[in-house]
Amino acid sequence: MKTEQNNEMSRRSFLKRTILTGTAICVTPTLEKVTAAERAIAGKSSTSVTTFPASMAAVRMQRTLGSGKAAFTVSAMGYGCMGLNHNRSQYPSKDKEIALVREAVERGVTLFDTAESYGYHINEKLVGEALKGYTDRVFVSSKFGHKFVNGVQVKTEEDSTPANIRHVCENSLRNLGVETLGMFYQHRIDPNTPIEIVAETCSELIKEGKILHWGMCEVNTETIRRAHKVCPVTAIQSEYHFMHRAVEENGILALCEELGIGFVPYSPLNRGFLGGMINEYTQFDTTNDNRQTLPRFQPEAIRANYRIVEVLNAFGRTRGITPAQVTLAWLMNKKPFIVPIPGTTKLSHLEENLRTCDIVFSAEEMTELEKAVAAIPVIGSRYDALQESKIQK
Ligand SMILES: NC(=O)c1ccc[n+]([C@@H]2O[C@H](COP(=O)([O-])OP(=O)(O)OC[C@H]3O[C@@H](n4cnc5c(N)ncnc54)[C@H](OP(=O)(O)O)[C@@H]3O)[C@@H](O)[C@H]2O)c1
């Protein structure tokens, strides 16, 4: 295992340079002639300053999701914002969470992930408040496609009609306080709206400067090929971690590589489980945590699956890294076009996760890890039957 270190530069001079770069961009008269999308990209050029003191937990590298016109360069690790106030039990006060998100910005994170459906606008509004004044330096991705009636999700249906995509986009822009979304993902496939129509609508939103790029979650290879022909896809966001490696088996990762599409693994720590702080006695908040409904988070499954955490512990112990770091580093070492988006409510975990970006595993270490984890059967399915039925096979 090697650790990559970059040149040192004080935090103060980093901030000064960032501000100066931003100012220079604002006064350039040629900007008047560019589209909203181009303006958004130009405004983000300050993010190329990625040097931090060696002692600071930060993202020092960027990765590019997608290729050609769809290329989107972001911090090598993003921030999954959902758990800040939705589906991950207790969370700190709003002030503390806003401070945490801003700390992530100061540590080089430029990709923040949310969705319309996370508390129906509640998560987007928090992210918008946290990033107020920072949106010239970072990108926010949001998602459309679930069906809501009067703010309540109709769980048996999806809605990717052009009218709904546009409606969700306007809401997301307003909630987040941005002119342009960095990424706009289809959250789940809508069997009643052909993917070509979805891709065409996203293409129009790109031309209008409302989104920079687009992607899809949990779709199959055929859908990706069809969509990519209409409007080049920047990233696929699907579940991927040691306990759910479907994208290796169903051809998604290989297709992303073939077509030059990025991959964003969601729930990269398996909803916290692979961080090692959940056990059979963990009580999930009955009003704000979907894990209590998932087969893999029932006490017997947790007890059996804890053997996987023990493998990560054993591997990490001799290298001085934690199970969460082993998990995230494995994902990042797997492919250079992978950008994980772990979520956290704690500065200590944010620092731990960001330090992963400096960890390099050898090919032998990757094989050793995979072999050890694969020897343990995973107990319990990841979703219940209704949620699993929304996943394209
Ligand atoms: N596209 C989709 O369908 C989809 C579905 C689900 C999620 N997502 C996206 O993926 C993001 C992340 O997913 P997620 O929140 O489900 O799962 P996750 O990132 O795998 O896990 C989050 C949980 O891990 C814990 N954690 C974080 N760092 C840790 C560390 N170093 N050690 C131990 N525990 C740690 C957090 O608790 P603490 O707060 O205590 O750190 C939190 O409860 C979401 O925010 C969302 O943006 C997308």
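In this predicted model, Trp 214 sits among a varied set of neighbours: leaving aside residues up to four places away in sequence, its contacts are Met 183, Phe 184, Val 198, Ala 199, Cys 202, Ile 206, Ala 227, Cys 231, Pro 232, Val 233, Thr 234 and Ala 235. Trp 214 also belongs to the largest nonpolar core, which has 102 residues; together with Phe 112, Ile 236 and Phe 263, it touches the most other members. Helix α11 (residues 323–334) supplies the largest share of this core, with 7 residues. In soluble globular proteins, nonpolar side chains tend to be buried together.

Turning to the sheet, 7 strands with parallel pairing make up an open arrangement, ordered β4-β5-β6-β9-β10-β11-β12. Its edges are β4 (79–80) and β12 (262–266); each has a single partner strand, so one side of each lacks a neighbour in the sheet. Strands β10 (residues 211–217) and β11 (residues 235–239) are joined in the parallel sense by 3 bridges, and Gly 215 has Ala 235 of β11 as its bridge partner. Packed on the sheet is helix α6 (residues 195–207), which touches β6 (139–144), β9 (181–186) and β10, and whose direction is at about 160 degrees to that of β10.

The loop between β10 and α7 (221–230) holds Glu 218. This residue counts as buried because its relative accessibility is 6%, below the 20% cut-off. The side chain of Glu 218 makes a polar contact of 2.6 Å with the side chain of Tyr 266, while one of its polar atoms lies 3.2 Å from the backbone nitrogen of Glu 239. Beyond four places in sequence, the residues touched by Glu 218 include Arg 188, Gln 237, Ser 238, Arg 382, Ile 391 and Gln 392.

How values were computed: Residues numbered from 1 in each chain as written. Predicted model: local features only at pLDDT ≥ 70, side-chain atom pairs only at ≥ 80, totals over all residues. Heavy atoms only, no water. Core = buried A, V, L, I, M, F, W, Y, C linked by side-chain atoms within 4.5 Å. Buried < 20%, exposed > 50% of the residue type's maximum accessible area, 1.4 Å probe, protein only. Helix = DSSP H or I, 4+ residues; strand = E, 2+ residues; numbered from the N terminus. Contact = heavy atoms within 4.5 Å. Pairing = 2+ DSSP bridges. Axes fitted to C-alpha atoms, helices over the stretch in contact; angles between N-to-C directions. Polar contact = N/O pair within 3.5 Å; in protein donor to acceptor, adjacent residues only side chain to side chain.
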